Amino acid sequence: GGGKTLAFILFPGMMNILKGQSMRAELLVDDGPAINKYLNEAFKTKMTHQDLAKAMGMELVDGNTLYSQAKKTGNFGELIKALNDPGRTLVFDHTTRAHLRNDAIRNADLNLALKRSNLVGIDEVHMPTTSQTNAIHGGKISAVTEAQVKSVDGILKTLKFDQAGFRQIAE
């Protein structure tokens, strides 16, 4: 890669050093093996992402494992503690993170901890946008109708958004 994820891993540490423990970061990756890659895989230099994070005063934490433990026990305390810790960057796959958000609807402490995350990086951004996984709570789910698409399109045109999703601001 081009170093985007590496920059993301270093940035919270730099901000914590410069601003005094202000960043609560999450990194969303495509799947479980990708989490393992960020936690354990070594570069040619034998350093890992974890080593670099530690050099910045940070720790990369497997958020999926914490979430799995919380679901099994019904106790989200360790996960909430990790989310609130500015010295940790939690790494989730995007599907687990979506389910975590759903659980936060019924857990005020978890909801607050998620809201405190002030830096969320998404590696392989196409993964959550093209996912076929349904992590959305809903009743009857049906395909979007042509009328609904036209309605949303009309709203976007009225608000002056172009095809790329950018809003045209008046001169």
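In this model, which is predicted, Leu28 stands opposite Phe92 in strand 3, and that pair of residues offers a convenient way into the sheet. The two strands concerned, strand 1 (residues 25-29) and strand 3 (residues 88-93), run in the parallel sense and are paired over 5 bridges. Helix 5 (residues 77-84) packs on the sheet, where it touches strand 1 and strand 3, and its direction makes about 120° with that of strand 3.

A further position along strand 1 ties the sheet together on both sides: Glu26 stands opposite Leu90 in strand 3, and Glu26 also stands opposite Val120 in strand 4. The pairing of strand 1 with strand 4 is again in the parallel sense, here over 4 bridges.

How many of the residues of strand 1 are buried? The strand is mostly covered, with 5 of its 5 residues counted as buried. In a regular strand the side chains alternate between the two faces of the sheet. In strand 1, Ala25, Leu27 and Val29 point one way, while Glu26 and Leu28 point the other way, and all of them are buried.

Seen as a whole, the sheet is an open one, built from 4 strands in the order 2-3-1-4 with parallel pairing. Strand 2 (59-62) and strand 4 (119-122) stand at its edges, and each has a single partner strand, so one side of each is left without a neighbour in the sheet. Between neighbouring strands of this sheet the turn is 25° on average, with direction ignored.

The sheet can now be placed within the chain. The protein chain contains 9 helices and 4 strands, and from the N terminus on its elements follow the order α-β-α-α-β-α-α-β-α-α-β-α-α. Among contacts between residues at least 6 apart in sequence, 67% join residues that are at least 24 apart. Of the 171 residues of the chain, 35% count as buried.

Two residues from the helices illustrate what burial looks like outside the strands. His49 has its place in helix 3 (residues 49-55), and it counts as buried because its relative accessibility is 8%, which falls under the 20% limit used for that class. Leaving aside residues up to four places away in sequence, His49 touches Ile9, Lys37, Tyr38, Glu41, Phe43 and Leu60. Ala70, which belongs to helix 4 (residues 63-73), is buried as well, with a relative accessible area of 2%. With residues up to four places away in sequence again left out, Ala70 touches Asn75 and Phe76, and the C-alpha atoms of Ala70 and Ile80, which are 10 residues apart along the chain, are separated by 9.7 Å.

The outside of the molecule completes the picture. The protein chain exposes about 11,000 Å², of which carbon and sulfur atoms supply 56%. Which residues make the nonpolar surface patch of about 420 Å²? This patch is made by Phe11, Met14, Ile17 and Leu18. Phe11 lies in helix 1 (residues 4-19), and its relative accessible area of 32% makes it partly exposed, because that class covers the range between the limit of 20% for buried residues and that of 50% for exposed ones. The value of 32% for Phe11 also satisfies the requirement that residues of a patch have over 30% relative accessible area.

Definitions and conventions. Residues numbered from 1 in each chain as written. Predicted model: local features only at pLDDT ≥ 70, side-chain atom pairs only at ≥ 80, totals over all residues. Heavy atoms only, no water. Patch = residues over 30% accessible without salt bridge, like charges linked within 9 Å, V, L, I, M, F, W, Y side chains within 5 Å. Areas by Shrake-Rupley, 256 points an atom, 1.4 Å probe, with all protein chains shown as cover. Salt bridge = Lys/Arg side-chain N within 4 Å of Asp/Glu carboxyl O. Buried < 20%, exposed > 50% of the residue type's maximum accessible area, 1.4 Å probe, protein only. Contact = heavy atoms within 4.5 Å. Pairing = 2+ DSSP bridges. Axes fitted to C-alpha atoms, helices over the stretch in contact; angles between N-to-C directions.
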